[in-house]
Amino acid sequence: MKLTPEQIAQFDRDGYLFFPGHFTPEETRRMTDEVPRLYEVRAPWNVREKGRDAVRTNFAAHLVSPVFARLARHPRMLAPVEQLFGERLYMHQFKINGKMAFEGDVWQWHQDYGTWLNDDHMPTERAMNVAIFLDEVDETNGPLMFIPGSHKKGVLQAGHDLSTTSYPLWTLENEQVAALVERAGGRHGGIVIPKGPAGSMLMFHSCLVHASSSNLSPWNRVSVYLSLCAVSNHIRRFKRPEYIAHREFTPLEHLADDCLLSAPPVDTPWAAGMPASALETSSEDLDFSTLATADR
Ligand code: SIN
Ligand code: MN
């Protein structure tokens, strides 16, 4: 899959691209069927909604489940991001957000790169977010909202919100958000909501300002979020556990386009459990100068 010059220009202008129905219903079903097994586990990598049992986000399924290990290497996702960056990619973060019916909580306005810079010391914004809808998304089930063009502002001032939800996030002030929305067109396009069937894919810039409100509908809004980082832009410190911010910088290999259905063998190194080292953290920058260029 190759992006057209129009799509590249659109990504540059708006900060996102939307591909409705990018994965077929059968491919999507292979992924959806894996989720209950992952969500039922009581472990730190299943973050539950504040005061509730519903899973807010599941981390690192690509190291546990063969289906998601294949998705992580899917050419329909890797190729366009590699095209935009002109470089190979590693997986910085992999999550399956629940946003479950009646229980899914908000994601406050934020930029992802703010967190990756502040927490992980990722050098630049050369990392891409990809969202894949496992359920249909419409205005009722807490859809993702974007402020188009907000990525052009670079890294914005943010505060570390440790209390609004069960998951800490570097979030923006309301005044800042209001100004960005106004600049993007106010009531006329200042906030956009990509809506589409299960299997749709969104690619969005790591500085694009985004949020979602709670899900009071009777429909789940499960989505996979993959954060793909250019290998040369790997994080410099391991302040967060490895299941949140990955430390394996080897470029992701492409599998065949039909891999979700043909199911080739893939490595799932954490299938029998996460190594204890994944919980070790350090607030010091690490010295990567000895890492061979071929490994980067
Ligand atoms: C995120 O920003 O990482 C998740 C947002 C959402 O699931 O609505
Ligand atoms: Mn985000």
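## A tour of the cavities, the metal site and the pockets

The structure, which is a predicted model, holds two cavities of 30 Å³ or more. Start with the largest cavity, whose volume is about 170 Å³, and select Lys95, Trp107, His110, Asp112 and His210, which lie nearest its centre among the 17 residues that line it. If you then colour by secondary structure, the elements that give two or more residues to this lining are strand S4 (89-97), strand S5, helix H6 (112-120) and strand S11. By class, the lining of the largest cavity has seven nonpolar, six polar and four charged residues.

Next, select the manganese ion (ligand 2), for which the protein donors are His110 through NE2, Asp112 through OD and His210 through NE2, at 2.1 to 2.2 Å from the ion. Along the chain these donors of the manganese ion follow the spacing H-x1-D-x97-H. Because His110 belongs to strand S5 (residues 107-110) and His210 to strand S11 (residues 210-212), the pair ties together parts that are 100 residues apart in sequence. Both His110 and His210 are buried.

Now select ligand 1 and display the residues that surround it, namely Lys95, Asn97, Trp107, His110, Leu144, His210, Ser212, Arg221 and Tyr225. Three side chains can be picked out here for their distances to oxygen atoms of the ligand. A polar side-chain atom of Ser212 lies 2.6 Å from an oxygen atom of ligand 1, a side-chain N or O atom of Asn97 is 2.9 Å from an oxygen atom of ligand 1, and a polar side-chain atom of His110, which is also a donor of the manganese ion, lies 3.0 Å from an oxygen atom of ligand 1.

Move on to the second largest cavity, with about 30 Å³ of space, by selecting Trp45, Phe59, Ala60, Val64, Trp270 and Met274, which line it; its lining has six nonpolar residues and no polar or charged ones.

Keep that selection and add the lining of the second largest pocket, which consists of Arg37, Leu38, Val41, Trp45, Asn58, Phe59, Val64, Trp270, Ala271, Gly273 and Met274. This pocket holds about 170 Å³ of space, and helix H3 (35-39) and strand S3 (55-59) each supply at least two residues of its lining, which divides into eight nonpolar residues, two polar and one charged.

Finish at the largest pocket, in which about 370 Å³ of space lies. Select Leu63, Arg73, Glu248, Leu252 and Pro269, the closest to its centre of the 16 residues that line it; by class, the lining has seven nonpolar, three polar and six charged residues.

Technical notes. Residues numbered from 1 in each chain as written. Chains lettered and ligands numbered in written order. Predicted model: local features only at pLDDT ≥ 70, side-chain atom pairs only at ≥ 80, totals over all residues. Heavy atoms only, no water. Donors = N, O, S within 2.8 Å, 3.2 Å for Na, K, Ca; no water. Helix = DSSP H or I, 4+ residues; strand = E, 2+ residues; numbered from the N terminus. Buried < 20%, exposed > 50% of the residue type's maximum accessible area, 1.4 Å probe, protein only. 1 Å grid on protein atoms, 1.4 Å probe; cavity = no way out; pocket = protein on both sides within 12 Å on 5 of 7 lines; lining within 4 Å. Points joined across faces, edges and corners; volume = space filled by probe spheres on them. Nonpolar A, V, L, I, M, F, W, Y, C, P; charged D, E, K, R; others polar. Near = heavy atom within 4 Å. Polar contact = N/O pair within 3.5 Å; in protein donor to acceptor, adjacent residues only side chain to side chain.
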